[in-house]
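Biologist: I should be grateful for a close look at one part of this structure, namely a place where two helices meet. Please describe the contact step by step, together with the loop that leads into it.

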Amino acid sequence: VADHFGLSRTAAHMAPAIALFAAVVGLPDSSKSACGPVSSSESRNCTQRCPSELSTLCDAHKDVPAALLGFEEDSLWIPRLDEFNSCTGSRITLTYTLLGEDGMADALEADCGTVAPTPSEGAGIYDGYVVQAPWVPNVEPLLENLSPRIAATPEIDWLDINPTSRSIVSFSNTVRALPLDVDFIAIGWREDVFRQWQPELEAMGLWPGPPETLEELVAVSEFLKGKDHNGDGIGDWGFCLTPQPNYFTAFLAPLMMRNEQACASGDCSGDRTGQNLFFDVQSFETTVGNAAYMQALQLFHRVLRASNCPDQAESADWVPQALRGDPLFSGAGNSKCDRKSAFASGRCAGVISMPGTLTKMLTGKYTPVTPQYHVNASSGENTTWALPGHDAADGYYWGRRAFFPGSEKVLDPATGGLVECTPDLCPKAVRHSRTGKLVNRATFFSEGGEAYALRASSPEGKKKALFDLFTWFSELPPSKVPLTGLYRQSQVADAASSVAELVEEGWPQQAADDLVELLAELFDEGSNAAQDLLLLGFSDYNERLDQRLLDEFLLTPPFLTAPEVDEPAFAAASDALVSQLRSDYDDVTRDYGGAAGQVQRWRASLNLLPLSAAALCDGFYASLDEDEKRRCSEDNLQILVATLCTVAGLLVLVLLVLGCRSIRRGVRRKAELERAADALVRRQVTDAMGYVNELQTPMVLMRASDFMRLGELRPHEELRDAGAVVFVDSVSDPFLTEHLTVFFSHQWLSFGTPDPLGVQYRVMAASLRRVIADTGWEEANVQVWVDLASIPQSKPLLKQLAVQTIACYCAAAHAFVICAPTTIHADTGEVCNVQSYQRRMWCRCEQLCHVLRKGTGTMWCATTEDDCRRLGELDSEWLMSVLRVFEGDVTDEGDYLSIVLPILGLYAELYALELKRRAQAVPWQSSPAAAAEAALCQVGSEERRAQTLQLVLNEIRGAKRGEIFPPKLRMSAQRLPQLPLR
């Protein structure tokens, strides 16, 4: 083994691990391994050796060996690896696991190691892996964080990959595998069968088209059960399937998954809500047994009884007589429900399947065959099967693809019951094509598709070679990449082009149209996708569900093959299932360290923030380890001591009060304290208003023409030394009235630098030209403020002073530009866009400072180099998010303290204007507060402006003041109404 993998024979301590691993995954040989180095290629030049996409990598990895572990064979592996090795000089080899997909999870853990339930060291033979998302949690910390590599590789075009595939390989907002495929559950339906029974289906409200709800899927399956679909005179089946846990979960998804991201003003791309199909993200209680679960159980059971399973489970007699010699059915009679052989027999009216197998059933290997039109199904030829009068010549293709049905009812979290969909409850619902009712459609992304990962401890040279291979794969057409189908948004954006490519590959026109139409909607950023259970113990949880739900319940004769189902017995068995599964899941959770650890891992896989230590102590104490329990006890002790001290202090205070001999003296003392408190607040508010009206440090600007020539954002010190910036010392400096200032507000795209790929700079430069064009300003008279260039970076004290002066900088600007292109954070892999910009505390602060002084009429929002739009009136939700500055996200919580005084000063100034307007009893449009009220709402009626200003004032004075100001500033905020501000 050591010789084969190039390991040192002196590393004897590795031998047992290597031998064990070899037994798990097998050793590469001529039949199992793709070609290694190609020595003859070295004599050819780069043009001859390298495809165009690899031209920059010629000999980039010369003689670098790297081992890749996969689980599914594909004929495209060998030519692709030959091309890559020949061009780059690398020696990448591929090995398949002995047990295929069933053995890959164990092989991955054997090579990488594990983190739970018992940490183990892996053999470390392979450098990269072909994975599916459910296998990743067990080894996630041991896989390379690909976020920095992806951020530095624009060729990957990360945001073009469909959003669900991006999400399922991200843990705590770090990317652990590069997805190059997608897997989800859909249905195939035979249009010839549906048309054969068109009058009856129309009378039932089930035509035209496929079933759109779960109830319709049940109804059409039960109706078509016993009808003859292949012309042999024998009754056939409804929708066929292979009974597996993931297909049951597909029934559960539309009943539970309403919205994985928060919605606002019709935009459902906000923070993740934590909705999922398996466990509560706060308590880690299982969803087993809720109303949606029990409804899905009943519907799944009825479809199962109308499917291929009852006949296939009993004997081999289900195979049509004329097909029993066909090799495809040689395994029939093993009492196994199998959708592939069932569909190929021509006895299924439809099928529930994953996309790759579904394609083979509709256009390839598993296409149905009949005695009249018999083609050997095992040959893999692309044939069109049809009944007489039902072929492509009639203008339609028999084998159709559609979304998995949705549900008109969903679980109401408030009541725990099932209720009809409403726009608020089901914000992503679609209208039923026949009834017009809202249907919640939630496609279940089972497993998620193939992705590519790197072992974190592998040498950098090997990881670099493999990542370049993965990158090249991501640039190639799917037809040239192993194990890949359409998975990118761009691949379905131009529907006509995508369909034409599929037809050229041999797809029937209708089949290509169906696929592209489905994927275009499914890949949309706003689609309602249901994620699989990406958690430590995935296979164990699934095995328990498979055993309890299928083997011991639904596939047993009383509930599968009996002519009639005993409803009381079914109800009792359902209750027993719930009890058993809850107990089983608790056992698995304990095996993996308890609910406290699992809930944190589950939240990480959903890209939610971890629960606080206090929440864990309060809700998961029993499952904590001894060290964690001790910390909880210490925290509780501190709370107890603090409480006792408080009580003791109060008792002492009472005794002192009772013992006071002079009430007058106490009253006088109280008055002194009140005056001192007033003085403190006045001083604090006065200081705060100074931060709004005075520069604490110079405002640093640069000419617009110079900024547009920079080519990238550059630090303050570099521009200062080059004499490219000007320093303004006072807000009254004539320079600010003689020149026009543009303030750029943006979020940082890495922890160390604001714009590592130059995306934001390009958008800023383009938007600067747009602002100048919109306003008619002279370019020579325009100055620019942007944080990296205008705030000292190397001197912490100067930097802090500049930060505290941010309100002045924003208020002094004549134009305020929000720069928020859609891209990814280089360190976290998190999507950055307008929504993430609006969540940042600094971005809220900058907007607020400008809006309260200049309004929205001087604001622009730029999301691309070509899209820079002038803002109109802010809607109330946007305005409220701006007002709630201190609820914004920060990287360093110390940043909150930096803006406390400027924000208090702005609010105090606004309140003072309101008091003055009231005292003079003048109308809004002519009051001293006109500047503030116009600033808040540049466009709109007088009534609207008044309402908007009142909204701000209520926030300052109202009950929710504590949510706006940090604790140290609440006293100042609360006393604002009592101060005679002028």
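Modeller: Let us begin with the loop between helix 8 (198-203) and helix 9 (214-224), where Pro208 is found. The model is predicted, and in it the peptide bond that runs from Trp207 to Pro208 is cis, with omega near 10°.

After this loop comes helix 9, which spans residues 214-224. The partner to consider is helix 11, made up of residues 291-305. The axes of the two helices come within 9 Å and cross at roughly 25°. Because angles under 35 degrees count as roughly parallel, helix 9 is described as roughly parallel to helix 11. The crossing of these two helices also has a handedness, and it is left-handed.

We may now turn to the residues that form the contact. Helix 9 contributes Leu214, Glu215, Leu217, Val218, Ser221 and Glu222. On the side of helix 11, the residues that they meet are Gln295, Leu299, Arg302 and Val303. Sorted by chemical character, the residues of this contact comprise 5 nonpolar, 2 polar and 3 charged. Leucine and valine count as nonpolar, and Leu214, Leu217 and Val218 in helix 9 as well as Leu299 and Val303 in helix 11 are among the residues that take part. Glutamate and arginine count as charged; Glu215 and Glu222 belong to helix 9, while Arg302 belongs to helix 11. Ser221 in helix 9 and Gln295 in helix 11 count as polar.

Conventions:
Residues are numbered from 1 along each chain as its sequence is written. This is a predicted model: local features need pLDDT of at least 70, side-chain atom pairs count only at pLDDT 80 or more; totals for chains, interfaces and linings use all residues. Side-chain values use heavy atoms; hydrogens and water are left out. Helices (H or I, at least four residues) and strands (E, at least two) are DSSP runs, numbered from the N terminus. Axes are lines fitted to C-alpha atoms, for helices over the stretch in contact, and angles run from 0 to 180 degrees between N-to-C directions. Angles under 35 degrees count as roughly parallel, over 145 as roughly antiparallel, 65 to 115 as roughly perpendicular and the rest as oblique. A crossing is left-handed if the near helix is turned anticlockwise from the far one by less than a right angle, and right-handed if clockwise. Contact means heavy atoms within 4.5 Å.
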